[in-house]
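Student: Could you walk me through how to read a few features of this fold with me? I'd like the general idea, then the case in front of us.

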Amino acid sequence: MAEPHDLTALEQAEAIARGELSSLEVVEHHLRRVDALGDTVGAFVTVTADQAREAARAADATPPGERGPLHGVPTAIKDLTLTAGVRTTFGSAAFADFVPPVDADVVRFIKAAGLVSLGKTTTSELGCSLYSEGLVAPPARNPWDLSYTAGGSSGGAAAAVAAGLVPVAQGSDGGGSVRIPASLCGLIGYKPSRGLVSSGPLGFGAYGLPSNGPIGRTVADVAALLDVMAAAVPGEPYLPPAPPAGGYLGAARAAAPGRLRVGRFTAAMLVDEPVHPDCVAAVDRAAALLTAAGHEVVEVPPPLGPQVWPLFETLWYVLALTPVPPEGEHLLLPLTRFMRSRGAAISAGTLTTTLGELQAQVRAGVRRTAGCDLLLCPTLSAPQAPVGWFTQGRTPEEDFDRQRRFSPYCAVFNVTGDPSVSLPVSTTAEGLPVGALLTGRYGADATLIATAAQLERSCGGWDRHPVLWRGVDSANVSGSGVGRSPR
């Protein structure tokens with residue numbers, strides 16, 4: 001008989017709705033898994049067990065007519081995301097004891113939909129890196145092989161979902177921070193169109209780069225959580241695209257995007273280096289699935305090339321200038337201090353010029369691929385990276401350079417604002433996940449989700465689990481060789 005964590009998020013909600021399980025039973029089951037495996041995979045900074053039990057009891061007391069598709073289901077909130085009354089460290093020792101007085105809008109929506117947060121998931125310090133290895137929690141490790149990173153900055157969220165600690169989780173993506181961990185951990189990671197999900201109530205929108213987004217094991221679960229997140233909020237700096245009739249879950253269930261033209265490329269955009277054959281193979285497999293589904297796949301040039309890297313670099317340095325209490329500056333990691341020092345040296349005039357130049361490059365790139373409904377490319381330039389690979393024996397400059405070489409694709413679509421999803425279409429010879437990146441036109445999130453669901457169906461589903469899924473005793477928790485198994 002399936003355990004509660006074997007069920008998808010939607011299946012858990014259906015079992016709760018039928019009275020086969022209570023939300024409290026499902027939450028208690030997942031809390032036991034968090035207790036057993038949470039530190040092993042470095043998923044959580046803070047576990048809110050008592051609050052979760054209280055929320056589960058409230059979910060069970062909610063009348064059936066007031067319940068949505070994910071009512072009563074466990075989830076988790078990224079530690080970069082404001083959560084009222086819950087320790088939120090932003091991945092940094094400088095904020096080790098910070099407790100926000102308000103919820104982020106996306107947290108309000110998640111609570112209102114009846115989902116139950118088990119706590120705050122591990123992230124990189126201030127969201128500055130694509131790995132989650134800080135001072136406030138164990139490093140986020142890939143449940144498929146604990147010697148590898150789960151990525152960042154939503155690394156803890158991906159580790160939690162891939163290890164069966166929660167079925168879906170909230171993440172955020174300013175340069176690949178949802179899609180990178182999803183690719184590494186064999187999950188679906190979705191970055192919505194700019195403005196679709198609120199980033200409020202605080203902040204200035206960060207030039208439109210970051211967006212909250214869902215991470216899950218199935219396209220339908222991801223779409224259902226996107227429906228929860230994508231509520232219009234007055235005063236947001238970017239106008240949200242209109243939602244589809246029937247919502248994004250309806251688009252996933254229909255899985256009928258129509259015949260599309262898909263532009264395929266594998267050349268890296270932010271570096272001039274070859275891409276790992278496993279990542280090219282993932283694109284080849286996705287292209288074959290798309291062709292078999294009736295879509296036209298054509299070769300196209302990448303929208304942007306390595307010449308735009310200095311423009312991206314300037315933006316990342318400036319975005320690292322999150323306000324930090326002066327007494328906490330010395331607690332920041334070397335990479336964070338390096339990026340902030342570079343950012344502080346950039347003048348307002350230089351930043352304005354950089355934004356203008358980058359937008360001109362984006363306009364030209366979008367026009368080059370304007371005949372395509374979707375773009376297909378690798379998510380990453382290599383399938384995996386060991387824990388410590390970016391930092392150990394490296395200067396901050398070397399660390400930062402390794403990151404851009406490892407992830408030369410995702411960030412481009414944060415600048416364009418287009419919806420983008422990493423799909424777990426392939427594996428290495430050793431069975432480790434490899435993602436491919438599918439990106440849609442701005443505002444066409446329903447088409448992108450429908451296409452992802454179509455591919456998921458055509459290859460028999462992507463809900464595979466590592467051996468660690470069966471419990472802490474089944475895993476080699478000391479490092480590599482954890483192993484893999486189908487559902």
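**Reading the model, piece by piece**

Tutor: Let's start with one residue: Q454 sits in helix α15, which spans residues 445–458. Keep in mind that this is a predicted model.

Student: Is Q454 buried or exposed?

Tutor: Buried, because its relative accessibility is 16% and the cut-off for buried is under 20%.

Student: Which residues is Q454 in contact with, leaving aside its neighbours within four places in sequence?

Tutor: A255, P257, A293 and H295.

Student: On to a whole helix, then. Which residues of α1 are buried?

Tutor: General idea first: an α-helix has 3.6 residues a turn, so residues three or four places apart point the same way. Now the case here: in α1 (residues 9–18), the buried residues are A9, L10, Q12, A13, A15 and I16.

Student: And what covers the buried residues of α1?

Tutor: The cover includes the helices α2 (23–41), α3, α7 and α8 (247–254), along with the strands β2 (74–78) and β6 (168–173). Have a look just past the helix as well: α1 is followed by G19, which has a positive phi, near 85°.

Student: Now the sheet. In what order do the three strands of the open sheet come?

Tutor: As a general matter, strands of a sheet pair through backbone hydrogen bonds, either parallel or antiparallel. In this open sheet the order is β1-β3-β2, with mixed pairing. β1 (44–47) and β2 are the edge strands; each has a single partner, so one side of each is left without a neighbour in the sheet. On average, neighbouring strands are turned by 40° against each other, direction ignored.

Student: How many bridges join β1 to β3?

Tutor: Three, and the two strands run antiparallel. To find your place in that pair, look for T46, which stands opposite K120 in β3.

Student: Which helices pack on the sheet?

Tutor: α2 is one of them: it touches β1, β2 and β3, and its direction makes about 20° with that of β3. α3 packs on the sheet too, touching β1 and β3, with its direction at about 155° to that of β3.

Student: Let's turn to empty space. How much space lies in the second largest pocket?

Tutor: About 440 Å³. Its lining has 30 residues, and those nearest the centre are A55, K111, L115, V116 and S117. The elements giving two or more residues to that lining are α3 (49–61), α4 (105–112), β3 (116–121) and α7 (219–229).

Student: Which element gives the most to the lining of that pocket?

Tutor: α3, with five residues. By class, the pocket lining divides into 16 nonpolar, eight polar and six charged residues.

Student: And how many cavities of 30 Å³ or more are there in the whole structure?

Tutor: Five. The largest cavity has a volume of about 150 Å³. It is lined by 17 residues, and R194, G195, V197, P210 and Y238 are the closest to its centre. That lining has six nonpolar, eight polar and three charged residues.

Student: What lines the second largest cavity?

Tutor: G195, L196, V197, S198, A231, A232, V233, E236 and P240. This second cavity has a volume of about 40 Å³, and its lining divides into six nonpolar, two polar and one charged. Compare the two lists and you'll find G195 and V197 in both.

Definitions and conventions:
Residues numbered from 1 in each chain as written. Predicted model: local features only at pLDDT ≥ 70, side-chain atom pairs only at ≥ 80, totals over all residues. Heavy atoms only, no water. 1 Å grid on protein atoms, 1.4 Å probe; cavity = no way out; pocket = protein on both sides within 12 Å on 5 of 7 lines; lining within 4 Å. Points joined across faces, edges and corners; volume = space filled by probe spheres on them. Nonpolar A, V, L, I, M, F, W, Y, C, P; charged D, E, K, R; others polar. Helix = DSSP H or I, 4+ residues; strand = E, 2+ residues; numbered from the N terminus. Buried < 20%, exposed > 50% of the residue type's maximum accessible area, 1.4 Å probe, protein only. Contact = heavy atoms within 4.5 Å. Pairing = 2+ DSSP bridges. Axes fitted to C-alpha atoms, helices over the stretch in contact; angles between N-to-C directions.
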